[in-house]
Amino acid sequence: LAPGRLRRPAVIAEPASQVDLLPTFIDLFGQPFWHHSFGSSLVRRQPGRKVFFNNPYACRTFGLRRGPWKYLYEYNSDEAFLFDLAAHPGETENLVQAHPDQAAAMHAEVDQVTRLFDYLYRAKRFC
């Protein structure tokens, strides 16, 4: 897809999101310019990469994946979920009570990003 830009095809095994595509394309084509992408280039290895996700409809679920941890928060029900995907890849055990500090830290990050997106949409900074 990028003749002359990649030495060989690569598989990126770390978590990523659609928002990482723009910064990745910019790196691949060597055309740096200012952009407002929230993501980060997949060309650049980032141990502990953060991936935010949401479903703003229905139960309004927001979350964060970082390393083996996955955190979900449902605003409508005020329920939080924390999973260690290395230990329980099927997300079978909610670890919020067992790891309250981890859950609180990830909740703060999710809340900060959610507030930023709300602000940007209300200020019509996104199309």
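The mean positions of the 15 positive and 13 negative charges of the protein lie 13 Å apart. The model is a predicted one. Six salt bridges are present in the structure, and three of the pairs are set out in the table below.

| Salt bridge | Closest N to O distance |
|---|---|
| R49 and E14 | 2.7 Å |
| E109 and R66 | 2.6 Å |
| K70 and E91 | 2.7 Å |

**Salt bridges**

Side chains of opposite charge can pair when their charged atoms come close. The side chains of R49 and E14 meet in this way, at 2.7 Å from N to O. The pair links distant parts of the chain, with R49 in the loop between helix 1 and strand 1 and E14 in the segment before helix 1, 35 residues apart. R49 has 4% relative accessibility and therefore counts as buried, since buried means under 20% relative accessible area. E14 is partly exposed, with a relative accessible area of 21%.

E109 forms a salt bridge with R66, and the closest N and O atoms are 2.6 Å apart. Because E109 lies in helix 2 and R66 in strand 2 (residues 61-66), the pair ties together parts that are 43 residues apart in sequence. E109 counts as buried at 15% relative accessibility.

The side chains of K70 and E91 also meet in a salt bridge, at 2.7 Å from N to O. Here K70 belongs to strand 3 (residues 69-74) and E91 to the loop between strand 4 (79-84) and helix 2; the two are 21 residues apart, and the pair links distant parts of the chain. K70 is buried, with a relative accessible area of 18%, whereas E91 is partly exposed at 30%. Salt bridges that share partners join K50, R66 and E109 into one network.

**Overall architecture**

The secondary structure consists of two helices and four strands. Along the sequence these elements follow the pattern α-β-β-β-β-α. The C-alpha trace spans about 50 × 40 × 25 Å along its principal axes. Of the 127 residues in the protein, 28% are buried. Among contacts with a separation of 6 or more, 28% are between residues 24 or more positions apart. The protein exposes about 9,000 Å², and carbon and sulfur atoms supply 56% of that area.

**The helices**

In helix 1, the buried residues are P23, T24, I26 and L28. Just after this helix, G30 takes a positive phi of about 60°.

Helix 2 covers residues 100-122 and includes T114. T114 has a relative accessible area of 9% and is therefore buried. Apart from its neighbours within four places in sequence, T114 is in contact with F62 and Y75. E109, the partner of R66, lies in helix 2 as well.

**A nonpolar surface patch**

V19, F38, L116 and Y119 form a nonpolar patch on the surface, and together they have about 350 Å² of accessible area. F38 is found in the loop between helix 1 (21-29) and strand 1 (50-55). R49, the buried partner of E14, is placed in the loop between helix 1 and strand 1 too. F38 has a relative accessible area of 35% and so is partly exposed; a residue needs over 30% to be part of a patch.

Technical notes: Residues are numbered from 1 along each chain as its sequence is written. This is a predicted model: local features need pLDDT of at least 70, side-chain atom pairs count only at pLDDT 80 or more; totals for chains, interfaces and linings use all residues. Side-chain values use heavy atoms; hydrogens and water are left out. Patches are made of residues with over 30% relative accessible area and no salt bridge: like charges are joined within 9 Å, nonpolar side chains (Val, Leu, Ile, Met, Phe, Trp, Tyr) within 5 Å. Accessible areas come from the Shrake-Rupley method with a 1.4 Å probe; for residues, only the protein chains shown count as cover. A salt bridge is a side-chain nitrogen of Lys or Arg within 4 Å of a carboxyl oxygen of Asp or Glu. Buried means under 20% relative accessible area, exposed over 50%, partly exposed in between (1.4 Å probe, protein chains only). Contact means heavy atoms within 4.5 Å. Lys and Arg count as positive and Asp and Glu as negative; His and the chain ends are not counted. The place of a charge is taken as NZ of Lys, CZ of Arg, CG of Asp or CD of Glu.
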